[in-house]
Amino acid sequence: MVGACPPLDPNSAYCNLLQCTHFADTCVIAEQNGNIAGWVSGYRPPSDPHALFIWQVAVSPAARGMGLAGRMIEALLERPAVRGATHLLTTVTGDNGPSWALFEGLAARWGAPLHRRPLFERDTHFADAHATEWEARIGPLAR
């Protein structure tokens, strides 16, 4: 699914299997007519236990434009594994318009502020081989 949804970074199959097992309670998959239509991977950062970090959001081309990504994230926020989360975190490159639209839309829908800051910078962390990853922090979330 991730490989079919550029500009997401493809991870190894091993990484994706670890996400699906170690973080199963904070990942979700959506199906449409027996096919995978969407995937959200996330986890609770040990250094920020009141947050849910969304690692990747992928929606198949056939399922785009229906609000699926937002519904999957909202479904995760209802799970017992996410109880107590007051903030949603993610990282997004500056040029990823669809992801910014998703997270800005969720913040607006939830009536929560969205704060941005550079987290991993192109020159410092990626040796100019990857765009800066901006942290988006939404919250506090009204629960």
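1. Let's start at Ala127: at 65% relative accessibility this residue counts as exposed, where exposed means over 50% relative accessible area, buried under 20%, and partly exposed in between (1.4 Å probe, protein chains only). Ala127 sits in the loop between helix H4 (122–126) and E6; helices (H or I, at least four residues) and strands (E, at least two) are DSSP runs, numbered from the N terminus. Its backbone deserves a look, as Ala127 has a positive phi of about 50 degrees although it is not a glycine.

2. A word on what we're looking at. This is a predicted model, in which local features need pLDDT of at least 70 and side-chain atom pairs count only at pLDDT 80 or more, while totals for chains, interfaces and linings use all residues. Residues are numbered from 1 along each chain as its sequence is written, and side-chain values use heavy atoms, with hydrogens and water left out.

3. Staying in the loop between H4 and E6, we also find Ala129 there. Ala129 counts as exposed, at 70% relative accessibility. Its C-alpha atom is separated by 16 Å from that of Asn96, 33 residues apart along the chain.

4. Now the loop between E1 and E2, which is home to Asn33. Asn33 has a positive phi of about 55 degrees, and it is not a glycine either. This residue is exposed, with a relative accessible area of 76%. Gly34 is in that loop too, between strand E1 (27–32) and strand E2 (35–43), and is exposed with a relative accessible area of 63%. Measuring tape out, so to speak: Gly34 and Ala108 are 74 residues apart in sequence and 32 Å apart in space, C-alpha to C-alpha.

5. On to the interior. Which residues touch the most other members of the largest nonpolar core? They are Ile54, Ile73, Leu88, Phe103 and Trp110, out of 29 residues in that core. By nonpolar core I mean a set of buried Ala, Val, Leu, Ile, Met, Phe, Trp, Tyr and Cys residues joined through side-chain atoms within 4.5 Å. Two or more residues each come from E1, E2, strand E3 (51–59), helix H2 (68–77), strand E4 (87–93), helix H3 (97–110) and strand E6 (133–138). As background, nonpolar side chains tend to be buried together in soluble globular proteins.

6. Phe103 is worth clicking on. Leaving aside neighbours within four places in sequence, Phe103 is in contact with Ile54, Val57, Ile73, Leu88, Thr90, Val92, Leu114 and Ile138; contact here means heavy atoms within 4.5 Å.

7. Helix H2 is largely enclosed by the rest of the structure, because seven of its ten residues are buried. Those buried residues are Leu68, Ala69, Gly70, Met72, Ile73, Leu76 and Leu77, and they pack against E1, E2, E3, E4 and H3. Ala75 also belongs to helix H2, but Ala75 is partly exposed, with a relative accessible area of 36%. Ala75 lies 8.2 Å from Val28 in space, C-alpha to C-alpha, with the two positions 47 residues apart in sequence numbering.

8. How do H2 and H3 meet, and at what angle do their axes cross? The axes come within 10 Å and cross at roughly 55 degrees, using lines fitted to C-alpha atoms, for helices over the stretch in contact, with angles from 0 to 180 degrees between N-to-C directions. That makes H2 oblique to H3: angles under 35 degrees count as roughly parallel, over 145 as roughly antiparallel, 65 to 115 as roughly perpendicular and the rest as oblique. The crossing is right-handed, meaning that the near helix is turned clockwise from the far one by less than a right angle (anticlockwise would be left-handed).

9. Who makes that contact? Ala69, Gly70, Ile73, Glu74 and Leu77 do so from H2, and Leu102, Phe103, Leu106, Arg109 and Trp110 from H3. These residues divide into seven nonpolar, one polar and two charged, with Ala, Val, Leu, Ile, Met, Phe, Trp, Tyr, Cys and Pro counted as nonpolar, Asp, Glu, Lys and Arg as charged, and the others, Gly among them, as polar.

10. Finally, E6 and what follows. Ala136 lies in strand E6 and is buried, with a relative accessible area of 1%. Leaving aside neighbours within four places in sequence, Ala136 is in contact with Leu88, Leu89, Thr90, Trp100, Leu114 and His115. The C-alpha atoms of Ala136 and His115 are separated by 5.7 Å. In the segment after E6 we find Pro140, joined to Gly139 by a cis peptide bond with omega at about 10 degrees.
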